[in-house]
Amino acid sequence: HFIAESENQFRNMVMQSPIPMTIFSGKDLVIQMANNTMFENIWRRKPEEILGKKVMEVFPELEWQKFPDLMNQVFSEGKMLREIEAPAFVQGDDGLRKFYLDFEYRPLFEPNGEVSGIMITVNDVTEKVEARQTVENAEERLRLATEAAQLATWDLDLQSMELIYSPRLADIFGKPDSEKLTQAKLRNQIHPDDLEGIVKKAFELSPQTGIYEYEARIIKPDNSIRWVRAQGKVFYDQDNKPLKIVGTMKDIHVEKSFMQELEKEVENRTIELENAN
């Protein structure tokens, strides 16, 4: 009577769990019981299609996935196994769906110590994983786009003045990757004629406009002079206090030199025409 009551409590615990749970019995992995959450959210099948049948017959798509090997391991070793964010393909009445699942395989024992079945608890983390992957993919696309455009990216904390940046920023300023760049160090390389009227002015105006933008000359450690373009956006806290500026920087020396040559050529032509007249 006590054993029957204990089994009944165990069954109720499984059936009432808000987390998908199921019990497979024997090495043939017969589906003995499962709760509604498992049927509705993961399997998307009716109980009569599944209960009392071998899991590999009901879900043949498991054959090319790792789960049968893991369940056999639980049977042979009698130890609990966990899987985190495991990709799983499950064929339901609405077709084959891909999930990311946190699994726990817990062995169930006979009185003689033999493994008689497996209790499986599943946590569906698909939304969390896909959301993270979306962000990671977007970040990777942004990284590839900025690399292709030869852009350096940077992030300046306006409270601590800490600068976070991509490796290309050091390359633009002619600095070794090993050197930690700061806003003060970079400003020291701005051409003196461009520092006050262009760079500092753009920085001082940025909290009001929300935009940080300038074109200026920098002096590299080898004393060569290069034109750069900085473009940034200011981010604010809930009290409208500027928190940080996030932006890009590009070496525009070639295009700037070309435009200057073009302007000079146009100016010379204008003077020649005026003289001719």
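Which residue forms a salt bridge with Arg229, the closest N and O atoms being 3.3 Å apart? Keep that in mind while we look around; we'll get there at the third stop.

Before you click: this is a predicted model, so local features need pLDDT of at least 70 and side-chain atom pairs count only at pLDDT 80 or more, while totals for chains, interfaces and linings use all residues. Residues are numbered from 1 along each chain as its sequence is written, and side-chain values use heavy atoms, with hydrogens and water left out.

**Stop 1: the sheet**

Switch to cartoon view and find the open sheet of five strands, in the order S7-S6-S10-S9-S8 with antiparallel pairing. Strands (E, at least two residues) and helices (H or I, at least four) are DSSP runs, numbered from the N terminus. Two strands pair if DSSP finds at least two bridges between them.

Now color 163-165 and 211-219: these are the edge strands S7 and S8, and each pairs on one side only. From one strand to the next, the twist averages 25°. Angles run from 0 to 180 degrees between N-to-C directions, using axes fitted as lines to C-alpha atoms (for helices, over the stretch in contact).

Next, select 152-157, which is S6; three bridges join S6 to S7. Show Asp155 as sticks and you'll see it opposite Ile164 in S7.

**Stop 2: a helix on the sheet**

Select 192-209. This is helix H9, lying across S6, S8, S9 (225-236) and S10 (242-251), and it runs at about 165° to S8.

**Stop 3: back to Arg229**

Show Arg229 and Glu255 as sticks: Glu255 is the answer to the opening question. A salt bridge here is a side-chain nitrogen of Lys or Arg within 4 Å of a carboxyl oxygen of Asp or Glu. Arg229 sits in S9 and Glu255 in helix H10 (residues 253-276), 26 residues apart.

Add Glu215, which also forms a salt bridge with Arg229, at 3.1 Å between the closest N and O atoms. Glu215 belongs to S8. Arg229 has 23% relative accessibility, so it counts as partly exposed (buried is under 20% relative accessible area, exposed over 50%, partly exposed in between, with a 1.4 Å probe and protein chains only).

**Stop 4: a network**

Finally, select Arg132 and Glu85, whose side chains meet in a salt bridge (2.9 Å, N to O). Arg132 lies in helix H6 (126-148) and Glu85 in strand S3 (81-92), so the pair ties together parts 47 residues apart in sequence. Add Lys128 and Glu136 too: salt bridges with shared partners join these four, Glu85, Lys128, Arg132 and Glu136, into one network.

Key:
Contact = heavy atoms within 4.5 Å.
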